[in-house]
Amino acid sequence: MTAFHQITAPRGNIIDGAGYAKALRDRLAAHVANLKNAHGLTPCLVVVIVGEDPASQVYVKSKGEMTQAIGMESRTIRLPDTTSEDELLKLIDDLNRDPVVNGILVQLPLPKQMSSLKVIDAINPDKDVDGFHVSNAGKLAVGLDGIVPCTPLGSLMLLKDAAAAHGDTLAGKNAVIVGRSNIVGKPMAQLLLNQDCTVTIAHSKTKNLAEVCRGADILVAAVGRPKFIAGDWVKDGAYLIDVGINRIEIDGKGKLVGDVDFDGAKDRALAITPVPKGVGPMTIACLLNNTIKAFCLQNLFPVPEGV
Ligand SMILES: Nc1nc(=O)c2c([nH]1)NC[C@@H]1CN(c3ccc(C(=O)N[C@@H](CCC(=O)O)C(=O)O)cc3)C=[N+]21
């Protein structure tokens with residue numbers, strides 16, 4: 001009976017975040033080359049890292065390399081973890097005033113003597129390439145054009161692409177985001193709401209979390225706990241975005257895993273992001289995207305199509 005047509009689409013399509021990010025970086029490299037030709041100016045991103053957190057060091061190095069690889073200028077400022085909040089605020093003030101600097105990223109988390117909200121608030125919103133400043137968060141909430149946080153932006157690009165690959169769109173779908181952080185959960189909710197999804201933000205106090213997740217056509221996991229989302233929490237045919245990047249030890253070896261039990265979930269999901277090579281590389285590509293956008297807006301150049 002079923003031999004003539006396939007009733008369900010194939011499951012377990014693994015989204016190639018690394019490949020998508022590479023394609024995005026190639027497009028951005030072309031924009032950078034065009035901007036240099038047209039104006040003789042190069043976008044410049046400054047990354048500030050306070051302290052010696054080993055994971056942060058790895059990300060910061062990779063951000064710097066990818067910034068240079070697409071032809072932009074990268075500067076990294078390393079400060080000791082004994083730096084005072086006032087010293088960091090003074091540095092941000094200098095970077096805000098420096099016309100050569102187009103983007104400022106202060107790597108989080110910060111040492112405990114600092115208030116990250118206060119530090120982020122000190123960054124000129126036009127240079128806030130993370131999109132974390134209240135001004136950019138507010139613009140996203142009311143539908144004005146601003147700078148959108150990198151991880152949610154990259155996740156949305158992957159979701160739209162996965163839906164398009166199935167001849168589908170995001171409008172009207174039930175989206176469940178597990179995690180309510182200012183840097184992922186909340187902005188992700190705003191973006192999906194703007195796509196006409198019906199959005200639920202679940203968190204540690206949510207009742208019947210498994211049931212809530214089972215209702216999701218789109219499930220975004222952003223809790224920061226390894227394999228927290230079990231396979232049987234995933235609806236058959238859901239789109240699954242795993243934002244988690246957790247370093248765990250298996251048989252004495254370090255391994256990177258997401259917030260989703262990938263092996264348990266992959267045959268249920270219509271499309272799923274892996275960890276690594278899923279959302280992570282998109283986060284960095286979107287940071288480069290945001291830096292180019294900030295550069296254009298600061299110089300009153302038209303923002304290139306798609307940026
Ligand atoms: N102000 C600020 N902005 C950030 O965007 C920010 C931050 N602070 N603090 C730390 C987190 C973490 N983050 C990652 C970005 C890329 C990968 C990434 O590319 N991961 C690779 C694997 C890398 C590896 O092997 O460790 C992957 O998932 O394939 C991971 C993590 C940005 N963050």
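Which residues in α7 are buried? In this predicted model, they are Gly185, Lys186, Pro187, Met188, Ala189, Leu191 and Leu192. That makes seven of the 10 residues in the helix, so α7 is largely enclosed by the rest of the structure. Their packing partners are spread over two helices and three strands by name: α5 (134-142), α6 (150-165), β5, β6 (198-202) and β7 (218-221). Just past the helix comes Asp196, which has a positive phi, near 70°.

Now step back along the chain from α7. The loop between β5 (174-178) and α7 (185-194) holds Gly179, and Arg180 sits in the loop between β5 and α7 as well. Both turn up in the UniProt record: its unreviewed entry lists Gly179, Arg180, Ser181 and Ile245 under "binding site". Is Gly179 buried or exposed? Gly179 has 24 other C-beta atoms within 10 Å, and a residue counts as buried from 20 upward, so Gly179 is buried. Arg180 has 18 other C-beta atoms within 10 Å, which makes it partly exposed.

The contacts of these two residues are worth tracing on screen. Setting aside anything up to four places away in sequence, Gly179 touches Val184, Gly185, His203, Ala222 and Val223. With the same kind of neighbours left out, Arg180 touches Gly185, Lys186, Ile201 and His203. Gly185 and Lys186, by the way, are among the buried residues of α7, and Ile201 falls in a strand that the buried side of α7 packs against, β6 (198-202).

Next, the sheet. Six strands make an open sheet in the order β1-β11-β8-β7-β5-β6, paired in parallel. At its edges stand β1 (13-14) and β6, each with a single partner strand, so one side of each has no neighbour in the sheet. In general, strands of a sheet pair through backbone hydrogen bonds, either parallel or antiparallel. At the β1 edge, two bridges link β1 to β11 (residues 271-272) in the parallel sense, and Asn13 has Ala271 of β11 as its bridge partner.

For the antiparallel option, look at β9 and β10 (residues 253-257), which are joined by five bridges. One facing pair here is Glu249 and Gly254 of β10. The two strands form a hairpin with two residues between them, and Asp251 takes a positive phi there, near 50°. How many of the five residues of β9 (residues 246-250) are buried? The number is zero, so the strand lies largely in the open.

On to the domains. The assignment for the protein chain gives domain 1 (40-137) and domain 2 (150-281), with C-alpha centres 27 Å apart. Four residues from domain 1 and five residues from domain 2 make the contact. On the domain 1 side, those that touch domain 2 are three nonpolar and one charged, with no polar residue. UniProt's unreviewed entry also annotates residues 149-296 as "domain: Tetrahydrofolate dehydrogenase/cyclohydrolase NAD(P)-binding". In the model, that span is 36% helix and 20% strand, and its end C-alpha atoms lie 18 Å apart.

Where does the ligand lie relative to the two domains? Domain 1 and domain 2 both give residues to the shell around the ligand, so it lies between them. The shell has 17 residues, and the closest are Leu108, Pro276, Lys277, Gly280 and Thr283. Elements giving two or more residues to it are α2 (54-69), β4 (103-106) and α10 (279-299). The most comes from α10, with four residues. By class, the shell breaks down into 12 nonpolar, three polar and two charged residues.

One last stop is Asp128, in the loop between α4 (116-122) and α5. Asp128 counts as buried because it has 25 C-beta neighbours inside 10 Å. Leaving out neighbours within four places in sequence, Asp128 is in contact with Ile104, Ile123, His133, Asn136 and Ile147. You can also check the spacing from Asp128 to Ala285: the two are 157 residues apart along the chain, with 16 Å between their C-alpha atoms.

Methods
Residues numbered from 1 in each chain as written. Predicted model: local features only at pLDDT ≥ 70, side-chain atom pairs only at ≥ 80, totals over all residues. Buried ≥ 20, exposed ≤ 12 C-beta atoms within 10 Å, placed from the backbone. Pairing = 2+ DSSP bridges. UniProt positions renumbered as here; feature names shortened; annotations may be inferred. Contact = placed C-beta atoms within 7 Å. Near = placed C-beta within 6 Å. Nonpolar A, V, L, I, M, F, W, Y, C, P; charged D, E, K, R; others polar. Domains from an automatic or database assignment.
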